[in-house]
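Visitor: I would like a close look at one part of this protein, with the rest of the fold filled in around it. Short sentences, please.

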Amino acid sequence: MRFAVISSALLAFGLGVSAAPSAARLSKPSNPGLVSAGAPETPPQLKYAFTAKIDWDLNNNHTIYTPSGRRTSFWGREGYWYDTEGQRFGEIVRSTDDGVIPPGTNYLELLIYYVVKLEDGYWAYVRHTGGAILRKTQNGVVRVETDSPKYKWMTLIDFVGPGSFNGTEIMTVHHYFPNSDLPN
């Protein structure tokens with residue numbers, strides 16, 4: 001269920017639509033229950049959870065060229081987490097974005113890891129996967145791990161994380177709950 005909600009949410013933010021196969025190349029379903037599909041009975045309701053802002057050092061990276069494309073690694077200079085009221089509740093103390101840019105594209109496959117010191121003194125470890133158009137927009141799924149009693153609820157959720165750059169090296173990612181029934 002979680003995957004279906006997140007997949008629908010990513011499609012709503014523009015990822016994956018062009019990857020849908022053409023109906024002309026597909027075989028006819030043998031089971032009548034597979035013949036058609038409609039919209040979900042309850043469309044996903046994305047509820048704002050928090051924001052991450054990271055200042056990436058995009059011009060200082062390590063790059064190698066492979067058959068898969070250009071592999072690159074970026075480091076964050078600093079970053080913070082902000083709650084729904086705009087109050088800072090975490091400092092990103094280390095961040096890295098390792099990815100690959102397939103030949104002939106400006107699409108970056110994201111694999112971001114970062115460590116956050118939470119305002120209650122505990123640590124959070126974050127994995128953010130997805131895709132990006134270099135220095136413009138990005139979409140992804142964010143998983144948080146922490147043993148903080150105050151923020152442990154975050155470990156139960158795969159957040160939907162669309163983001164954008166502000167024309168410089170600062171990336172802002174708004175994190176959303178996949179549906180409105182999850183804790184805030």
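Which residue in E6 stands opposite Gly 130?

Guide: Gly 140 in E6 stands opposite Gly 130. First, some ground rules. This is a predicted model, in which local features need pLDDT of at least 70, side-chain atom pairs count only at pLDDT 80 or more, and totals for chains, interfaces and linings use all residues. Residues are numbered from 1 along each chain as its sequence is written, and side-chain values use heavy atoms, with hydrogens and water left out.

Now the strands around that glycine pair. E5 and E6 run antiparallel and pair over ten bridges. Strands pair if DSSP finds at least two bridges between them. The strands themselves are DSSP runs of at least two residues (E), helices are runs of at least four (H or I), and both are numbered from the N terminus. E5 covers residues 123-133, and E6 covers 137-146. The two form a hairpin with three residues between them. Arg 135 sits in that turn, with a positive phi of about 60 degrees.

E5 also has E4 as a partner. Eleven bridges join E4 to E5, again antiparallel. Here Leu 111 stands opposite Thr 129 in E5. Four residues lie between the strands of this hairpin. Gly 121 in the hairpin takes a positive phi near 95 degrees.

The E4-E5 loop also carries one end of a salt bridge. Such a bridge is a side-chain nitrogen of Lys or Arg within 4 Å of a carboxyl oxygen of Asp or Glu. Lys 150 forms one with Glu 119, the closest N and O atoms being 2.8 Å apart. Lys 150 lies in the loop between E6 and E7, and Glu 119 in the loop between E4 and E5, so the pair ties together parts 31 residues apart in sequence. Both ends are partly exposed, meaning neither buried (under 20% relative accessible area) nor exposed (over 50%), with a 1.4 Å probe and protein chains only. Lys 150 is at 48%, and Glu 119 is at 43%.

That is one of five salt bridges in the whole structure. Arg 77 in E2 takes part in others. Arg 77 meets Asp 55 at 3.1 Å, N to O. Arg 77 lies in E2 and Asp 55 in E1, so this pair ties together parts 22 residues apart. Arg 77 also bridges to Asp 57, with the closest N and O atoms 3.1 Å apart. That second pair again links E1 to E2, across 20 residues. Asp 57 is buried at 17% relative accessibility, whereas Arg 77 is partly exposed at 45%. Asp 55, Asp 57, Arg 77 and Glu 169 are linked in a network. Side chains of opposite charge can pair when their charged atoms come close.

The backbone joins E1 and E2 too. They pair in the antiparallel sense over twelve bridges. Two residues separate them in their hairpin. Asp 57 has Trp 75 in E2 as its bridge partner.

E1 has another partner, E9. These two strands are antiparallel and share eight bridges. Ile 54 is matched with Met 171 in E9. Just ahead of E1, Leu 46 lies in the loop that follows helix H1. Leu 46 and Tyr 176 are 130 residues apart along the chain, yet their C-alpha atoms are separated by 5.7 Å. Leu 46 is partly exposed at 29%.

Ile 54 and Met 171 also help to line the largest cavity, as do Ala 52, Ile 112, Tyr 114, His 128 and Val 173. E1, E4 and E9 each give two or more residues to that lining. On a 1 Å grid over the protein atoms alone, a cavity is a set of points where a 1.4 Å probe fits but cannot get out, and lining residues have an atom within 4 Å of a point. The structure holds one cavity of 30 Å³ or more. The lining has six nonpolar residues, one polar and no charged.

Finally, the whole chain. It has one helix and nine strands, and the helix comes before the strands in the pattern. Buried residues make up 36% of the 184 residues.

Definitions and conventions:
On a 1 Å grid over the protein atoms alone, a cavity is a set of points where a 1.4 Å probe fits but cannot get out, and a pocket is an open set with protein on both sides within 12 Å along at least five of seven lines; lining residues have an atom within 4 Å of a point. Grid points are joined across faces, edges and corners, and a volume is the space filled by probe spheres set on the points. Ala, Val, Leu, Ile, Met, Phe, Trp, Tyr, Cys and Pro count as nonpolar, Asp, Glu, Lys and Arg as charged, and the others, Gly among them, as polar.
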